[in-house]
Amino acid sequence: MTALLAAEWTRLTSTRLWLWGLLAALGSGALIGLLALVGPENFTPPMPGLDTAQGVHALLGLLGFTVFVPALLGTIAVSSEYRHRTITTTTLFAPRRWTWLAAKLAIYTGAGLAYGAMATAVAGGALWGVAMLKGITLGLPAVTVAALLARIALTMAVYTLLGLAVGALLRNQVTALIAVGAYFYLIETVLMLIPGIKLLYPYLPGGATAALTGFTYLADAIAGQTGTSATPLLSAPAGAAVLVCYALIAVAIAVAAPLRRDIP
């Protein structure tokens, strides 16, 4: 297992994927600082200011729109094996498939967590820097903000697992990446526009993430544009429980699908 972990680590760091992930983490955190500098109250539609708890939750909750990056990382981790036809070599090196699958899960979950930690650290530092620059007292205590950032970082690791599951199910890398992007940036939003079906939103990954971070801005904005009432989100603990369930399902799929499939 040590050799497999080392091999997966080498696979990750020998490409530019880690560099693009690092740049995305730094960029997303810096973007939060830029938005804080502009002022959430100046957005269209306006958001609560940073001196309110709702404003801090809304601004940091925007990091949820970057979950595509760790999900993309997880998807590529599996689908690239099939695209570049290294799956045969990997399986010959470790005939017991569950071993290299476990190593892949461990390394890429850690990578997703590292992405989340980097993004939230930059976002948190930028947020406090802007607050000091403007002379604003944040609407949440520092301990609460730190806990919120930690939850967001852990959420990124969950989305990495979801990406691994998608990559395991859809071996074609282009198809898998399109599916991930379409789901996170299109399908969930469309579902929120359909009466009746939008009641499922709190139990989807995006809705559970919004509950965990207290990010209600998207649901409220869509409700305001459509003239309907916003779908109530779950409580933060319930949102966390839903995400844990998704993580467990994703792990099961990421392991079971390659185990039951012939190597091309």
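This section describes the fold, the salt bridges, the surface patch and selected residue environments of a predicted model.

The protein chain contains 11 helices and 0 strands. From the N terminus on, the elements run α-α-α-α-α-α-α-α-α-α-α. The radius of gyration is 19 Å, close to the 18 Å that the globule rule gives for 264 residues, so the chain is as compact as a globular protein of that length. Along the principal axes, the C-alpha atoms fill a box of roughly 60 × 45 × 30 Å. Of the 264 residues, 44% count as buried. The chain exposes about 12,500 Å². Carbon and sulfur atoms supply 72% of that area. Contacts were also examined by sequence separation. Among those between residues at least 6 apart in sequence, 81% join residues at least 24 apart.

Helix α6 covers residues 97-134. Its 38 residues should span 56 Å at 1.5 Å a residue. The end C-alpha atoms of α6 are 55 Å apart, which agrees with that expectation. Just after α6, G135 takes a positive phi of about 70°. Two residues within α6 recur below. K104 lies in this helix and takes part in a salt bridge. M118 also lies in α6 and contributes to a nonpolar surface patch.

Side chains of opposite charge can pair when their charged atoms come close. In the protein chain, the count comes to 2 salt bridges. E8 takes part in the pair with R11 and in the pair with K104. E8, R11 and K104 are thus linked in a network of salt bridges.

The R11–E8 pair is local. Both residues lie in helix α1 (residues 2-13), 3 residues apart, about one turn of the helix. An α-helix has 3.6 residues a turn, so residues three or four places apart point the same way. The closest N and O atoms of R11 and E8 are 3.4 Å apart. E8 counts as buried, at 3% relative accessibility. R11 is partly exposed, with a relative accessible area of 25%.

The K104–E8 pair links separate helices. Here the closest N and O atoms are 3.2 Å apart. K104 lies in helix α6 and E8 in helix α1, so the pair ties together parts that are 96 residues apart in sequence. At 1% relative accessibility, K104 counts as buried. In this bridge, then, buried K104 meets buried E8.

The surface carries a nonpolar patch of about 640 Å². W18, L19, W20, L22, L23, L26 and M118 make up the patch. Helix α2 (residues 17-38) supplies the largest share, 6 residues. M118 comes from helix α6. Patch residues need over 30% relative accessible area. M118 has 33% and counts as partly exposed.

Three further positions were examined. T213 is placed in helix α9 (residues 205-213). T213 is buried, with a relative accessible area of 5%. Neighbours within four places in sequence aside, T213 is in contact with H57, G61, L148 and I152. Of these, G61 belongs to α3 (53-61), as does H57. L148 and I152 fall in helix α7 (residues 142-169).

A165 also lies in helix α7. This alanine is buried, with a relative accessible area of 6%. Leaving aside neighbours within four places in sequence, A165 is in contact with A250, I253 and A254. The C-alpha atoms of A165 and A254 are separated by 4.4 Å. Along the chain, A165 and A254 are 89 residues apart.

G64 is placed in the loop between α3 (53-61) and α4 (68-83). At 25% relative accessibility, G64 counts as partly exposed. G64 and L191 are 127 residues apart in sequence. Their C-alpha atoms are 18 Å apart in space.

Technical notes: Residues are numbered from 1 along each chain as its sequence is written. This is a predicted model: local features need pLDDT of at least 70, side-chain atom pairs count only at pLDDT 80 or more; totals for chains, interfaces and linings use all residues. Side-chain values use heavy atoms; hydrogens and water are left out. Patches are made of residues with over 30% relative accessible area and no salt bridge: like charges are joined within 9 Å, nonpolar side chains (Val, Leu, Ile, Met, Phe, Trp, Tyr) within 5 Å. Accessible areas come from the Shrake-Rupley method with a 1.4 Å probe; for residues, only the protein chains shown count as cover. A salt bridge is a side-chain nitrogen of Lys or Arg within 4 Å of a carboxyl oxygen of Asp or Glu. Helices (H or I, at least four residues) and strands (E, at least two) are DSSP runs, numbered from the N terminus. Buried means under 20% relative accessible area, exposed over 50%, partly exposed in between (1.4 Å probe, protein chains only). The radius of gyration is taken over C-alpha atoms; the globule rule is 2.2 Å times the number of residues to the power 0.38. Contact means heavy atoms within 4.5 Å. The expected span of a helix is 1.5 Å times one less than its number of residues.
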